[in-house]
Amino acid sequence: MTEQHNNAEVQSDTPKAIISTGKTFSLIWVVPIVAAIIGGWLIYKTLSEKGPEITIVFKSADGLEAGKTKIKYKDVEVGLVDSISLSKDLTSVILKAKLVKESEIYLKDKTRFWVVRPRISAGEISGLGTLMAGAYIAVDPSQEGKKSLSFTGLERPPVVTADIPGSRYVLRADKLGSLDSGSSIYYRQLRVGEVEEYELDKDGQSVMIKIFIKSPYDQYIFKNTRFWNAGGLDFSVDANGLKVNTESFVTLMLGGVAFDTPVDLNVSEPAKSGDIFALYNSHQDTLKKSYAVKG
């Protein structure tokens with residue numbers, strides 16, 4: 001009996017294992033969970049800050065390098081060329097570039113891109129900074145037009161960018177003469193504008209010259225304002241002797257345009273942007289024409 005009693009006491013003092021069916025969290029999962037959270041946040045941050053990818057087509061990739069050539073606006077970097085490839089017909093090169101996110105609102109079909117290199121045109125030298133740093137792509141953003149991610153790059157810089165206020169007009173001439181894109185336009189010997197571009201009229205009988213007049217000088221252009229070719233020497237002979245007129249030495253060498261409203265005509269209503277004017281060969285011709293109209 002005593003032996004049985006002792007066995008019972010031993011059995012009662014023996015600890016019993018407690019089996020739990022519930023699942024417990026292991027610290028071993030902390031590391032991959034934290035890593036997943038950080039990875040997800042990095043992916044979200046990358047996608048949320050990712051800017052648009054655009055395509056620009058140029059005739060040549062001279063001076064351009066994938067991964068190195070920058071895209072700038074007002075000397076501020078806004079993008080980078082990602083890749084350069086030939087077009088299928090081998091007539092041009094296709095650039096893929098990534099821009100900063102803030103540039104999305106300015107990517108319209110009127111936005112312009114061009115390569116900045118050292119250039120000499122219309123008596124001016126530009127792009128000298130690229131001699132050391134290398135060529136880059138400049139952008140002239142626009143908020144007008146339709147949204148676009150594909151562009152055809154300009155082969156030379158635009159004469160006037162979108163951030164310059166002013167008005168545009170068209171001059172009709174028998175021939176282009178010494179004028180070119182970038183030729184200066186003068187008002188009372190002050191440089192107030194430039195020739196942007198030119199083309200033959202549809203009938204091929206005249207040249208249509210598109211010009212830009214900066215603000216506030218565009219307020220001096222009226223419906224009866226006269227424009228004349230200021231390039232070369234404009235001379236006349238009267239009772240006081242020989243008179244020689246030229247706007248500047250630059251116009252004498254490279255050509256230019258001047259304008260004024262003849263004093264013998266009443267000032268008419270202000271001209272509107274896009275109006276077309278005749279381009280006379282000289283200042284003297286504008287005076288003859290005005291007298292003929294008056295008579």
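Two residues are in contact here when they have heavy atoms within 4.5 Å of each other. That idea will help on this walk through the chain, which is a predicted model.

**The chain as a whole**

The chain holds five helices and 18 strands. Of its 295 residues, 34% count as buried. Sequence distance matters for reading the contacts: among those between residues at least 6 apart in sequence, 68% join residues at least 24 apart. On the outside, the chain exposes about 19600 Å², and 56% of that comes from carbon and sulfur atoms.

**Two nonpolar cores**

In soluble globular proteins, nonpolar side chains tend to be buried together. The largest nonpolar core in this model has 20 residues, and Ile209, Ile211 and Phe227 touch the most other members. At least two residues of this core come from each of strands E10 (166–173), E11 (184–187), E12 (190–200), E13 (207–214), E17 (256–260) and E18 (276–280). Strand E13 gives the most, with four residues.

Ile209 is a good place to start looking. Leaving aside residues up to four places away in sequence, Ile209 touches Tyr169, Val170, Leu171, Ala173, Leu176, Leu179, Val195, Glu197, Tyr198 and Leu279. A second, separate core has 18 residues, including Ile71, Phe113, Val115 and Phe151.

**A pocket**

The second largest pocket encloses about 330 Å³ of space. It is lined by 13 residues, and the closest to its centre are Lys110, Ser142, Glu144, Ala162 and Arg168. Sorted by class, the lining of this pocket has five nonpolar, three polar and five charged residues.

**Loops and their exposed residues**

Now for some loops. Gln143 sits in the loop between strand E8 (136–140) and strand E9 (150–152). Leaving aside residues up to four places away in sequence, Gln143 touches Ile105, Tyr106 and Lys108. Gln143 and Tyr106 are 37 residues apart in sequence, while their C-alpha atoms are 5.2 Å apart in space.

Lys68 belongs to the loop between strand E1 (53–58) and strand E2 (70–73). With the same neighbours in sequence left out, up to four places away, Lys68 touches Leu80 and Val81. Lys68 and Asp82 are 14 residues apart in sequence and 8.2 Å apart from C-alpha to C-alpha.

Asp75 is found in the loop between E2 and strand E3 (76–86), and Leu90 in the loop between E3 and strand E4 (93–99). These four loop residues appear in the table with their relative accessibility.

| Residue | Relative accessibility | Class |
|---|---|---|
| Gln143 | 58% | exposed |
| Lys68 | 57% | exposed |
| Asp75 | 61% | exposed |
| Leu90 | 62% | exposed |

Why does Asp75 count as exposed? The cut-off for exposed is over 50% relative accessible area, and Asp75 counts as exposed because its relative accessibility is 61%.

**Backbone details**

Most residues other than glycine have a negative phi, and most peptide bonds are trans. Which backbone angle stands out at Asp75? Asp75 is not a glycine, yet its phi is positive, at about 65°. Leu90, also not a glycine, has a positive phi of about 65°.

A further detail concerns a peptide bond. Ser215 and Pro216 are joined by a cis peptide bond, with omega about 10°. Pro216 lies in the loop between E13 and strand E14 (226–229).

Technical notes: Residues numbered from 1 in each chain as written. Predicted model: local features only at pLDDT ≥ 70, side-chain atom pairs only at ≥ 80, totals over all residues. Heavy atoms only, no water. Buried < 20%, exposed > 50% of the residue type's maximum accessible area, 1.4 Å probe, protein only. Areas by Shrake-Rupley, 256 points an atom, 1.4 Å probe, with all protein chains shown as cover. Core = buried A, V, L, I, M, F, W, Y, C linked by side-chain atoms within 4.5 Å. 1 Å grid on protein atoms, 1.4 Å probe; cavity = no way out; pocket = protein on both sides within 12 Å on 5 of 7 lines; lining within 4 Å. Points joined across faces, edges and corners; volume = space filled by probe spheres on them. Nonpolar A, V, L, I, M, F, W, Y, C, P; charged D, E, K, R; others polar.
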